[in-house]
Amino acid sequence: MNRFFVEKRNIGKEAIKITDSDDVHHIARVLRLRPGEEVFVSDGEGRGYITEIEKIDKNSVVLKIKDAQKRRQKSESKIIVTLACAIPKNARFARFEDIVDKATQLGVSEIIPLLTERTLMEGCAFDKKRERFKRVIIAAAKQSGALFLPELREATPFKDLISRLGQYELRLLPNLSDRSHTLREVVSGFTGKRILVLIGPEGDFTKHEIEVALRSGCVGVSLGDSVLRVDTAAISVMSFLRLYFGG
């Protein structure tokens, strides 16, 4: 069944209206769906709907709600993961798109683009691409069948993120220093929910950043003997956490 995300304001008690021009075009021109065919819709916050197309016109698609799935709160998940990832070197942000795509499929709750001492761009340059990244998130969520859309934050300086570490129960800092443990050692016995994963840039976090993070409550972890690219490191940690905690 084809899947779409719709803002809550367009979801009524008996019907849903799709007004996003790309989605309307995809339904009418690409998929060539017709009235009577079923479509699955999510509000991006945990509630899903099985619907039937009632009407298609140039600017909208009206869907009749047939069944509303029970809402599942994020707090019911075994873990809630925030990925704070340094923006890789790439003028077109293609590699960060890959990170956003894969992290969404792996169930991340929040994505924070991280500005570190070795990041080679200003936050404003990144934020101009936010709408593009949001579309990547929606496409990845459709593909993976997710009911939740991760929140994409504005580009955030490293020091600003460090100042609010208290909201996370476990803060993982993969890095290349000798002050690290294996991921399994660190997460073994963890019974909390909120996990922050900080991924550094090419060349790793600076010694100063590592020292500040460890002093502030982060736990250094090793990802093995290989020196991984930013995107590979991010997906490796997310994949491990998903498998270790069972979902």
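Arg 130 counts as buried, because its relative accessibility is 16% (buried means under 20% relative accessible area, exposed over 50%, and partly exposed in between, using a 1.4 Å probe and protein chains only). This is a predicted model, in which local features need pLDDT of at least 70, side-chain atom pairs count only at pLDDT 80 or more, and totals for chains, interfaces and linings use all residues. Residues are numbered from 1 along each chain as its sequence is written, and side-chain values use heavy atoms, with hydrogens and water left out.

## Around Arg 130

Let's stay with that arginine for a moment. Arg 130 is found in helix α4, which covers residues 130–144. Helices here are DSSP runs of H or I with at least four residues, strands are runs of E with at least two, and numbering goes from the N terminus. Setting aside neighbours within four places in sequence, Arg 130 is in contact with Leu 152, Arg 153 and Glu 154, where contact means heavy atoms within 4.5 Å. With Arg 153 there is a polar detail to look at: a polar atom of the Arg 130 side chain lies 2.8 Å from the backbone oxygen of Arg 153. A polar contact is a pair of N or O atoms within 3.5 Å; within protein, one must be able to donate a hydrogen and the other to accept it, and residues adjacent in sequence count only if both atoms are side-chain atoms.

## The five-stranded sheet

Now to the sheet. Five strands form an open sheet in the order β1-β3-β4-β5-β2, and the pairing is mixed. Its edge strands are β1 (3–5) and β2 (15–18), each of which pairs on one side only. From one strand to the next, the twist averages 40°. Two strands are said to pair if DSSP finds at least two bridges between them. As a reminder, strands of a sheet pair through backbone hydrogen bonds, either parallel or antiparallel.

Strands β4 (residues 48–56) and β5 (residues 61–68) run antiparallel and are joined by seven bridges. One of the residues to click on is Ile 56, whose bridge partner in β5 is Val 61. Helix α1 (residues 21–30) lies across β1, β2, β4 and β5 and runs at about 160° to β1; axes are lines fitted to C-alpha atoms, for helices over the stretch in contact, and angles run from 0 to 180 degrees between N-to-C directions.

Phe 40 lies in strand β3 (residues 38–42). This phenylalanine counts as buried because its relative accessibility is 6%. The C-alpha atoms of Phe 40 and Leu 173 are separated by 38 Å, and the two residues are 133 residues apart along the chain.

## Backbone turns with positive phi

Most residues other than glycine have a negative phi. Two residues that are not glycine have a positive value here: Arg 32, at about 55°, and Asp 204, at about 75°. Arg 32 sits in the loop between α1 and β3 and counts as exposed, at 52% relative accessibility. Asp 204 sits in the loop between β12 (194–199) and α7 (207–215) and is buried, with a relative accessible area of 12%.

On the other side of that loop, the buried residues of α7 are Glu 209, Ile 210, Val 212, Ala 213 and Leu 214. What covers them includes α5 (158–162), β10 (170–174) and β13 (219–222). Just after α7, Gly 217 takes a positive phi of about 115°.

## Aromatic pairs

A search of the whole structure finds five aromatic pairs. Rings of Phe, Tyr and Trp (its six-membered ring) pair if their centres lie within 6.5 Å; planes under 30 degrees apart count as stacked, over 60 as edge-to-face and the rest as tilted. Two of the pairs are set out below.

| Pair | Centre to centre | Between the planes | Class |
|---|---|---|---|
| Phe 96 and Phe 133 | 5.6 Å | 70° | edge-to-face |
| Phe 190 and Phe 245 | 6.3 Å | 80° | edge-to-face |

Phe 96 lies in helix α2 (residues 94–105) and Phe 133 in helix α4, so their pair ties together parts that are 37 residues apart in sequence. Phe 96 is buried, with a relative accessible area of 1%, and Phe 133 counts as buried at 0% relative accessibility.

Phe 190 lies in the loop between α6 (183–187) and β12, and Phe 245 in the segment after α8 (230–244), so this pair ties together parts that are 55 residues apart in sequence. Phe 190 is buried at 18% relative accessible area, and Phe 245 counts as buried at 13% relative accessibility. Ring pairs also link Phe 190, Phe 240, Tyr 244 and Phe 245 into a cluster.
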